[in-house]
Amino acid sequence: VDNVNNKSTSQTANEKTSIPYIDLSGPTLSNTISGPQFKTRDTTFVNSKAKISLRGRDLESGVNRIEYSINGSDPIKFEEPFTIETEGVHIITYIGYDNVENTSSKALVLKVDNTGPSINHQFSTIPTGTIENKKEYPKYVILFLAGTDNVIGLESIKYGFGTSPPKNYTIPITGFSSGSKKMKFIAIDKLGNTTEQEVEFIIQD
């Protein structure tokens with residue numbers, strides 16, 4: 001108190017002061033892919049079954065939302081994992097916002113492949129005849145299978161007779177019994193895309 005009764009207050013040792021914290025950084029962003037995927041060098045391949053998730057972390061004000069666009073589309077608010085149907089290269093750009101509207105951004109490049117391999121079969125001899133539109137081969141014939149995938153690469157080939165479970169093709173197929181045959185061939189690429197082919201033929205007595 002001064003001589004004209006003006007008063008002032010001062011903080012004591014027991015009083016606390018609050019210093020405001022200024023948050024200037026946006027969320028830390030990341031992504032995950034669940035489902036079929038294959039990475040080679042700097043390219044990540046997926047198919048239409050792969051689900052893409054976007055995540056953000058902000059220890060200051062907290063994450064408010066994440067928005068993304070695909071190949072320059074209008075922004076979409078990320079709410080649940082999404083897929084990409086169309087084949088080809090896709091650039092996913094995503095932006096994270098915290099609760100004071102600071103932002104950070106990231107990009108993810110994916111190549112979508114939904115097409116299975118091409119598959120070919122070749123008998124070791126020419127047919128000896130045709131019966132009811134089915135080609136006829138001798139018992140000693142050998143059957144070769146091959147597959148090609150120009151995008152992601154071939155993983156495996158399987159084959160089966162009639163309704164029997166398919167087995168892995170590792171060596172040329174021999175030892176045919178006589179009679180009418182129906183075979184199914186399945187080619188699988190590194191993303192699990194498949195191509196199936198059926199062939200019917202006859203083995204001579």
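Biologist: Which strand is the place of Val89?
Modeller: Strands are taken here as DSSP runs of E with at least two residues, numbered from the N terminus. This is a predicted model, in which local features need pLDDT of at least 70, side-chain atom pairs count only at pLDDT 80 or more, and totals for chains, interfaces and linings use all residues. Residues are numbered from 1 along each chain as its sequence is written, while side-chain values use heavy atoms, with hydrogens and water left out. The strand of residues 88–98, in which Val89 has its place, is β7.

Biologist: Is Val89 buried or exposed?
Modeller: The classes rest on relative accessible area, with a 1.4 Å probe and protein chains only: buried is under 20%, exposed is over 50%, and partly exposed lies in between. Because Val89 has a relative accessibility of 52%, its class is exposed.

Biologist: How much accessible area do Val89, Ile91 and Val109 have together?
Modeller: A nonpolar patch joins side chains of Val, Leu, Ile, Met, Phe, Trp or Tyr within 5 Å, provided that each residue has over 30% relative accessible area and no salt bridge. The areas come from the Shrake-Rupley method with a 1.4 Å probe, and only the protein chains shown count as cover. For the surface patch of these three residues, the joint area is about 250 Å².

Biologist: Which strands stand at the edges of the open sheet, and why is one side of each left without a neighbour?
Modeller: Two strands pair when DSSP finds at least two bridges between them, and in this sheet 6 strands follow the order β2-β3-β8-β7-β5-β6 with mixed pairing. Each edge strand has a single partner, which means that one of its sides has no neighbour in the sheet, and these strands are β2 (37–40) and β6 (76–77).

Biologist: In which sense do β3 and β8 pair?
Modeller: Strands of a sheet are held through backbone hydrogen bonds, and two senses of pairing exist. On one flank, β3 (residues 43–46) meets β2 in the antiparallel sense over 4 bridges, with Thr43 as the bridge partner of Thr40. On the other hand, Thr44 of β3 has Leu110 as its bridge partner in β8. Over 3 bridges, β3 and β8 (residues 103–112) pair in a sense that is parallel.

Biologist: How many bridges join β7 to β8?
Modeller: One of the contacts to look at is Thr93, whose bridge partner in β8 is Ala107. The hairpin of β7 and β8 has 4 residues between the strands, and Glu101 there takes a positive phi near 70 degrees. The strands run antiparallel, and the number of bridges joining them is 10.

Biologist: Over which ring does the charged end of Arg65 sit?
Modeller: A charge sits over a ring when NZ of Lys or CZ of Arg is within 6 Å of the ring centre and within 35 degrees of the ring normal. Arg65 is also linked with Glu67 and Glu101 in a network of salt bridges, each defined by a side-chain nitrogen of Lys or Arg within 4 Å of a carboxyl oxygen of Asp or Glu. The ring in question has its centre 3.8 Å from the charged end of Arg65 and belongs to Tyr97.

Biologist: How many residues apart are Glu200 and Lys134?
Modeller: The side chains of Glu200 and Lys134 meet in a salt bridge at 3.4 Å, N to O. This pair links distant parts of the chain, with Glu200 in β16 (residues 194–203) and Lys134 in β11 (residues 134–137), and their separation in sequence is 66 residues.

Biologist: Why does the pair of Tyr159 and Tyr169 have its class, and what is that class?
Modeller: Rings of Phe, Tyr and Trp (its six-membered ring) pair if their centres lie within 6.5 Å, with planes under 30 degrees apart called stacked, over 60 edge-to-face and the rest tilted. A search of the whole structure finds 10 aromatic pairs. Because the centres of Tyr159 and Tyr169 are 6.3 Å apart and the planes stand at 80 degrees, the class is edge-to-face.

Biologist: Where is the place of Thr170?
Modeller: Thr170 is exposed, with a relative accessible area of 66%. From C-alpha to C-alpha, Thr170 and Leu145 are 9.3 Å apart in space, although 25 residues apart in sequence. The place of Thr170 is the loop between β14 (167–168) and β15 (179–189).

Conventions: Patches are made of residues with over 30% relative accessible area and no salt bridge: like charges are joined within 9 Å, nonpolar side chains (Val, Leu, Ile, Met, Phe, Trp, Tyr) within 5 Å.
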